[in-house]
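Welcome to the tour. Please open the model in your viewer, switch on a cartoon view, and keep the selection box at hand.

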Amino acid sequence: MENKIYLSASSINTFKTCKRRYKFKYIEKINNNLKLESKYISFGQSMHKAIADFNSIQNQEFKTLQILQNLLRKNWIRKGYENTDEEREFGLKGLKMLEEYFNNPQDMASKNLLIENTLKEYRNNNIILFGKIDRAIVTLNNEIEVIDYKTGNTIEYEGDFVLDPQIACYIELFKNNFNIVPNYISFYYLTHNKKVQIKIEPQHINLISDFLNDTINQIITEKEYPCNVSESCEYTCEFCDICDKSYSIEEKLLNELRTNNFEANKTVF
């Protein structure tokens, strides 16, 4: 019997970024205490839970800024911070972000459809596509919008449709679970209190389906799992120390020195 393969936007992104990392993480499931507790993960999870709890409140009398900020305190995850001063700095930052969110919300809804729900799609006997929806709403204009809350500093999307694993997974999961396609996929950047809204048109649906089918086929037929060596290896990959092809800054500098010396020797003044 074949092992089930669970695919998410995160694992698909990993495969597309570096197949070797995908193998270590999702096939061999190597741990060896390589995964460090990250303050950014803790902060993001704390913020997501606070906003989810707040948006789940039905009695409008209890939807106050104080309650929203207290929900962050209630859901605060303390792992990953170097010391109490750093933890306090992140905590104050989170409270400020929630204050801006509360005072000028970009996600007004007439109705909540989903809050922090995990959706699954069984594509065949052993492929399961899944993903967590932060929030799905019916907007004030009576349109369906799927919202992903972001706590990082970088704005990754500009509003135009792109064939991106996260957007593709949201559309495919929503369509196959509810037999409807959302009008918008939106990314709410809480650091900037800015929402980037991506309109989903009918012509995008086949593109998304083909993109996912092709990507999944690549994943299940891959045999070699080559390493995609890049400058970000030692900063972003938890398997850098055990990957024989992993990028090394020192090695790069040595190679540059060798190249520069060679070129210098060729130069005629």
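Helices (H or I, at least four residues) and strands (E, at least two) are DSSP runs, numbered from the N terminus. What you have open is a predicted model, in which local features need pLDDT of at least 70 and side-chain atom pairs count only at pLDDT 80 or more, while totals for chains, interfaces and linings use all residues. Residues are numbered from 1 along each chain as its sequence is written, and side-chain values use heavy atoms, with hydrogens and water left out.

**Stop 1: the whole chain**

Start with the full cartoon: the protein chain has nine helices and six strands. Now switch on the surface. About 16,100 Å² of the protein chain is accessible, and carbon and sulfur atoms hold 47% of that area (Shrake-Rupley method, 1.4 Å probe; for residues, only the protein chains shown count as cover). The chain has 269 residues, and 41% of them count as buried. Here buried means under 20% relative accessible area, exposed over 50%, and partly exposed in between (1.4 Å probe, protein chains only). Contact means heavy atoms within 4.5 Å. Among contacts between residues at least 6 apart in sequence, 66% join residues at least 24 apart.

**Stop 2: helix 1**

Select residues 9-17, which form helix 1, and colour its buried residues: A9, S11, I12, T14 and F15. What do the buried residues of helix 1 pack against? Their partners are strand 1 (5-7), helix 2 (19-27), strand 3, helix 6 and helix 7 (202-221).

**Stop 3: the cysteines**

Next, show C18, C227 and C243 as sticks. How many disulfides does a search of the whole structure find? The search finds zero, a disulfide being a pair of cysteine sulfur atoms within 2.5 Å. Why is C18 not bonded to C227? The C227 sulfur is the closest cysteine sulfur to that of C18, but at 4.1 Å it is too far for a bond. C243 is in no disulfide either, with the nearest cysteine sulfur, that of C227, 3.8 Å away. C18 counts as buried because its relative accessibility is 12%, and C243 is buried too, at 11%.

**Stop 4: the largest cavity**

Select H48, I51, A52, N55, I115, E116, D134, R135 and Y149, which line the largest cavity. On a 1 Å grid over the protein atoms alone, a cavity is a set of points where a 1.4 Å probe fits but cannot get out, and lining residues have an atom within 4 Å of a point. Grid points are joined across faces, edges and corners, and a volume is the space filled by probe spheres set on the points. By this rule there is one cavity of 30 Å³ or more, and the largest cavity has a volume of about 50 Å³.

Colour the lining by element: helix 3 (39-55), strand 2 and strand 3 (127-138) each give two or more residues. Helix 3 has the largest share, with four residues. Then colour by class to see four nonpolar, two polar and three charged residues (Ala, Val, Leu, Ile, Met, Phe, Trp, Tyr, Cys and Pro count as nonpolar, Asp, Glu, Lys and Arg as charged, and the others, Gly among them, as polar).

**Stop 5: along strand 2**

Stay with E116, which is found in strand 2. E116 is not a glycine, yet its phi is positive, at about 55 degrees. Its relative accessibility is 26%, so E116 counts as partly exposed.

Move on to T118, also in strand 2 (residues 111-122). Is T118 buried or exposed? T118 falls between the two: at 44% relative accessibility, this residue counts as partly exposed. Beyond its neighbours within four places in sequence, T118 is in contact with F130, G131 and K132. Draw a line from C-alpha to C-alpha between T118 and G131: they are 5.5 Å apart in space and 13 residues apart in sequence.

**Stop 6: three loop residues**

Select N125, in the loop between strand 2 and strand 3. N125 is exposed, with a relative accessible area of 72%. Its C-alpha is separated by 9.5 Å from that of N3, 122 residues apart along the chain.

N179 is in the loop between helix 6 (165-178) and strand 5 (184-189). Its phi is positive, near 55 degrees, in a residue other than glycine. N179 is exposed, with a relative accessible area of 71%.

Finish at H192, in the loop between strand 5 and strand 6 (194-199). At 39% relative accessibility, H192 counts as partly exposed. Leaving aside its neighbours within four places in sequence, H192 is in contact with N153 and I155.

Methods. 1 Å grid on protein atoms, 1.4 Å probe; cavity = no way out; pocket = protein on both sides within 12 Å on 5 of 7 lines; lining within 4 Å.
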